[in-house]
Amino acid sequence: MAKINLNEEQIETYHQDGFLVVKNLFSQEEIDKLYNSAIENSIMQKNAMDLNDQTGKKTKLSLWFTPGNDVFGYLIRSERMVNSVAQLLGQESAVCHFHTKLMQKEPKVGGAWEWHQDYGYWYKNQFLFPDQMMSVMIALTAANKENGCLQVIKGSHKLGRVNHGFAGEQVGADMTMVNNALETMELIYCEIEPGDALFFHSNLMHRSEANLSDKPRWSLISCYNSQSNLAYAETSNSWRVPVDIVPDHAITEWNATPFENADFLKKENDPALKTTGWEEEVKTK
């Protein structure tokens, strides 16, 4: 596979809009291997967290910090992923992996994600610089309006951090600001196919509807941080360890270790879900 390099137009789009879609970043063969591994992995399912949305529907995710030598680790550490992130972050310091989430939005029952910014969560981890953090969503199944694809407010990363409170068991943005943004900026439905990548800024406002279709919506979201961006209330260590990059062919050609020893986040240990006293003042409905 040819080496991926983002062009100047793509980089400018990311900085202007707060997000960038790259079609077919991963091949169907690679996605099939990842999706089958995710479905068959009992450890991944055992460590999944259920988070209720405001209607009581459950969103299910598994979150781990350190990328290993399993097939997911090879994707997280792949040259095309890390180099693309480095280009978009535009920092001299090394790219580190903060965490990856396997998002499992099942047919008919998969809940919504409320409007939020990722930095609305990560602010509680006391990362200093939101411009040095980003997320990359890799679609494992098709994501569309019917099964609850990601919605983003184009350019909303330029708002800076918006206050967040609790919305169900999730962290949700102040809806007064969200509604103001929706009056001013464009709402985009990010419909993507398996293998497509959606890169987005840590302050981009986004949400997704519940999955009311008869098809699953599964995706991986890998979150990256520049090594120069310190976190003063984060107990994991991967956010400050430069990614050990592997070649792009590792996913299909290298022997992968079993996904057994991942350092999963437990729901009760997530600082974003702990109250600090001011969340009740934020209007999330």
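Here are three short exercises on a predicted model, each with a worked solution.

**Exercise 1.** Work out which strands stand at the edges of the open four-stranded sheet.

*Solution.* Start with the strand order, which reads β5-β12-β7-β10, with antiparallel pairing. Next, look at the two ends of that order: β5 (113-116) and β10 (187-190) each have a single partner strand, so one side of each has no neighbour in the sheet. Those two are your edge strands. While you're there, check the twist: it averages 20° from one strand to the next.

**Exercise 2.** Decide whether arginine 207 is buried or exposed, and find what surrounds it.

*Solution.* First, place the residue: arginine 207 is found in strand β12. That strand (residues 206-208) runs antiparallel to β5, and two bridges join them. Within this pair, tryptophan 113 stands opposite serine 208. Now take the accessibility: buried means under 20% relative accessible area, and arginine 207 has 13%, so it counts as buried. Then list its contacts beyond four places in sequence: Trp113, Glu114, Trp115, Cys149, Leu150 and Gln151. Finally, look closer along the chain, where a polar contact of 3.1 Å links its side chain to that of glutamate 209.

**Exercise 3.** Find the buried side of helix α7 and say what covers it.

*Solution.* Begin with the buried residues of α7 (residues 175-184): Met175, Val178 and Ala181. They span an arc of only 115° around the axis, so they sit on the same side of α7. Flip to the face turned away, and you meet exposed Glu183 and Thr184. The cover over the buried residues includes β5, β7 (150-153) and β9 (170-173). Last, check the N-terminal end: aspartate 174 caps it, with a side-chain oxygen 2.9 Å from the backbone nitrogen of threonine 176.

Terms used: Residues are numbered from 1 along each chain as its sequence is written. This is a predicted model: local features need pLDDT of at least 70, side-chain atom pairs count only at pLDDT 80 or more; totals for chains, interfaces and linings use all residues. Side-chain values use heavy atoms; hydrogens and water are left out. Two strands pair if DSSP finds at least two bridges between them. Axes are lines fitted to C-alpha atoms, for helices over the stretch in contact, and angles run from 0 to 180 degrees between N-to-C directions. Buried means under 20% relative accessible area, exposed over 50%, partly exposed in between (1.4 Å probe, protein chains only). A polar contact is a pair of N or O atoms within 3.5 Å; within protein, one must be able to donate a hydrogen and the other to accept it, and residues adjacent in sequence count only if both atoms are side-chain atoms. Contact means heavy atoms within 4.5 Å. The arc is that of the directions from the helix axis to the C-beta atoms.
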